[in-house]
Amino acid sequence: MNIFRLAGDMTHLLSIIVLLLKIHTIKSCAGISLKTQELYALVFVTRYLDIFTSYISFYNTIMKLIFLGSAFSIVWYMRFHKVVKQTYDKHQDTFRHYYLALGCLALALVINHKFTVREKLSLETKANNHRYKVYLASGAELETWNVLWTFSIYLEAVAILPQLVLLQRTKNVDNLTGNYVFLLGAYRGLYLLNWIVRYFTEKHYRQWITWISGIVQTALYADFFYYYVISWKNNQRLQLPA
């Protein structure tokens, strides 16, 4: 693991902490898109269900549990907490997110990753002074995991869209919400650097679907980043154009 991968993971984790801080302490989800949070929950479920069938490392397992648990906690707060749910603006958060999910699923069925040997073969290897134990799966299971994992990559790339649309509609963005979205974008930017490092340091490292999806995801934040930096330089509240 290089420094950019670790920094990306920590930035992603920090974004979740910022959001949970807003929801749990202030008891408000104003400016937060439930549609985006539901998409992220779907991303983590389809990507990390292998937590029950394969073991990569302690770090890997803990991070998967954190992302799964936090995603569903946020959705629960916004849907069912008697105080928090009253602050959710469902009239502004109207993006039809199921179209994104269906489109990503269709794309994953047509264009998907080949079976990843590192996570599924029944063998033990040593790398970076750690021993990894992984397990054999059937052909049908491998194909299912392949499609689900690719679906999660596509969906993560566009899951932020309902959130960005909501922020444009509300225009004025509070500090915690702005910082949350900025950290999410920064996490993906750091992962781009991680992929560049791995490309030049690892033999045969090619993941075109992941790379292209990551570039698309980062590009979606470009407009937000611009106004975020402007507001930070001018010490003003973040405002987005309609």
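The legends below describe an overall view and three close-up views of one predicted protein model.

The model is predicted: local features need pLDDT of at least 70, side-chain atom pairs count only at pLDDT 80 or more, and totals for chains, interfaces and linings use all residues. Residues are numbered from 1 along each chain as its sequence is written, and side-chain values use heavy atoms, with hydrogens and water left out.

**Figure 1. Overall view of the protein chain, with its ten helices and four strands.** Helices (H or I, at least four residues) and strands (E, at least two) are DSSP runs, numbered from the N terminus. From that end, the elements follow the order α-α-α-α-α-β-β-α-α-β-α-α-α-β. The chain has 242 residues, of which 44% count as buried (under 20% relative accessible area, with exposed meaning over 50% and partly exposed in between; 1.4 Å probe, protein chains only). Of the contacts (heavy atoms within 4.5 Å) with a separation of 6 or more, 78% join residues 24 or more positions apart.

**Figure 2. Close-up of K35 in helix 2 (residues 34–48).** K35 is buried yet has no salt bridge (a side-chain nitrogen of Lys or Arg within 4 Å of a carboxyl oxygen of Asp or Glu). The nearest side chain of opposite charge is that of D93, 5.0 Å away; Lys and Arg count as positive and Asp and Glu as negative, while His and the chain ends are not counted. The side chain of K35 does, however, reach the backbone oxygen of D93 at 3.1 Å. Leaving aside residues up to four places away in sequence, K35 touches Y88, D93, T94, F95, H97 and P162.

**Figure 3. Close-up of C29 in the loop between helix 1 (3–26) and helix 2.** C29 counts as buried because its relative accessibility is 0%. Its C-alpha lies 8.5 Å from that of D89, although the two residues are 60 apart in sequence. Beyond residues up to four places away in sequence, C29 touches K22, I23, M78, V84, T87 and Y88.

**Figure 4. Close-up of a nonpolar surface patch that includes L65.** Y55, F58, I62, L65 and I66 make this patch of about 460 Å². Patches are made of residues with over 30% relative accessible area and no salt bridge; like charges are joined within 9 Å, and nonpolar side chains (Val, Leu, Ile, Met, Phe, Trp, Tyr) within 5 Å. L65 is placed in helix 3 (residues 58–80), and this residue counts as partly exposed because its relative accessible area is 47%. Accessible areas come from the Shrake-Rupley method with a 1.4 Å probe; for residues, only the protein chains shown count as cover.

Notes
Polar contact = N/O pair within 3.5 Å; in protein donor to acceptor, adjacent residues only side chain to side chain.
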